[in-house]
Amino acid sequence: MLYIRGMANTPESKVKRKVTTVLNKYNAYFFYPPSNGFGRSGIPDIIVCYCGQFIAIECKAGKNTTTALQRRELSAIEDAGGYALVINETNIEQVEAVLQQIGSRPA
């Protein structure tokens, strides 16, 4: 199992691990923006660059939904031409579908 240093074992962190597994499969560049109170509120959980395309992924667990600030940021990303995904346990395949749509096959 993939371990991400410092990540708790919460239902949302399990979704993040699954997303990370897919991103690694495609050799996508990604990072987790720090949520320490110094940046903008509502920034997605995972920021990705793949084949020159910007992808933002907000991870949720169960029936959790995005906040108004998260929806604002995701909309701004889409308005700028990026991909904005909200991923949970039931739609993890959307990450791979977007990566396939963007371009190349996994390494």
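A residue counts as buried under 20% relative accessible area, as exposed over 50%, and as partly exposed in between. The exercises below use this scale on a predicted model.

**Exercise 1. Decide whether Phe31, Tyr32 and Tyr29 are buried, partly exposed or exposed.**

Solution. Begin with Phe31, whose relative accessible area is 36%; since this value lies between the two limits, Phe31 is partly exposed. Go on to Tyr32, where the relative accessible area is 25%, so that Tyr32 is partly exposed as well. Finish with Tyr29, which has a relative accessibility of 53% and therefore counts as exposed.

**Exercise 2. Find how many aromatic pairs the whole structure holds, and classify the pair of Tyr29 and Phe31 and the pair of Phe30 and Tyr32.**

Solution. A pair of aromatic rings is described by two quantities, the distance of the centres and the angle of the planes. A search of the whole structure finds three aromatic pairs. In one of them, the ring centres of Tyr29 and Phe31 are 6.2 Å apart and the planes stand at 55°, so this pair is tilted. For Phe30 and Tyr32 the centres are 6.4 Å apart and the planes stand at 75°, and because an angle over 60 degrees counts as edge-to-face, this pair is edge-to-face.

**Exercise 3. Describe how the strands are arranged in the sheet, and state which strands stand at its edges.**

Solution. Start from the whole protein chain, which has three helices and four strands and follows the pattern α-β-β-β-α-β-α when read along the sequence. Next, place the strands: four of them form an open sheet in the order β1-β2-β3-β4, with mixed pairing. The edges are taken by β1 (29-31) and β4 (83-87), each of which has a single partner strand, so one side of each is left without a neighbour in the sheet. Neighbouring strands of this sheet are turned by 20° against each other on average, direction ignored.

**Exercise 4. Follow strand β2 (residues 46-50) and work out which strands pair with it, in which sense and over how many bridges.**

Solution. On one hand, β1 and β2 pair in the antiparallel sense over three bridges, and here Tyr29 has Cys49 of β2 as its bridge partner. On the other hand, β2 pairs with strand β3 (residues 53-59), also in the antiparallel sense, over five bridges, and Ile47 stands opposite Ala56 in β3. The connection between β2 and β3 is a hairpin with two residues between the strands, and Cys51 in the turn has a positive phi of about 50°. As a last step, look at the cover of β2, which is mostly covered, with four of its five residues buried.

**Exercise 5. Locate Asn27, and give its distance from Cys49 in sequence and in space.**

Solution. Asn27 lies in the loop between α1 (11-25) and β1, and with a relative accessibility of 55% Asn27 counts as exposed. Along the sequence, Asn27 and Cys49 are 22 residues apart, while in space their C-alpha atoms are 9.9 Å apart.

**Exercise 6. Characterise the largest pocket by its volume, its lining and the classes of the lining residues.**

Solution. The volume of the largest pocket is about 340 Å³. Its lining consists of 15 residues, and the closest to the pocket centre are Pro33, Pro34, Ser35, Asn36 and Ile43. Sorted by class, the lining has five nonpolar, seven polar and three charged residues.

Definitions and conventions. Residues numbered from 1 in each chain as written. Predicted model: local features only at pLDDT ≥ 70, side-chain atom pairs only at ≥ 80, totals over all residues. Heavy atoms only, no water. Phe/Tyr/Trp six-rings, centres within 6.5 Å; stacked < 30°, edge-to-face > 60°. Buried < 20%, exposed > 50% of the residue type's maximum accessible area, 1.4 Å probe, protein only. 1 Å grid on protein atoms, 1.4 Å probe; cavity = no way out; pocket = protein on both sides within 12 Å on 5 of 7 lines; lining within 4 Å. Points joined across faces, edges and corners; volume = space filled by probe spheres on them. Nonpolar A, V, L, I, M, F, W, Y, C, P; charged D, E, K, R; others polar. Pairing = 2+ DSSP bridges. Axes fitted to C-alpha atoms, helices over the stretch in contact; angles between N-to-C directions.
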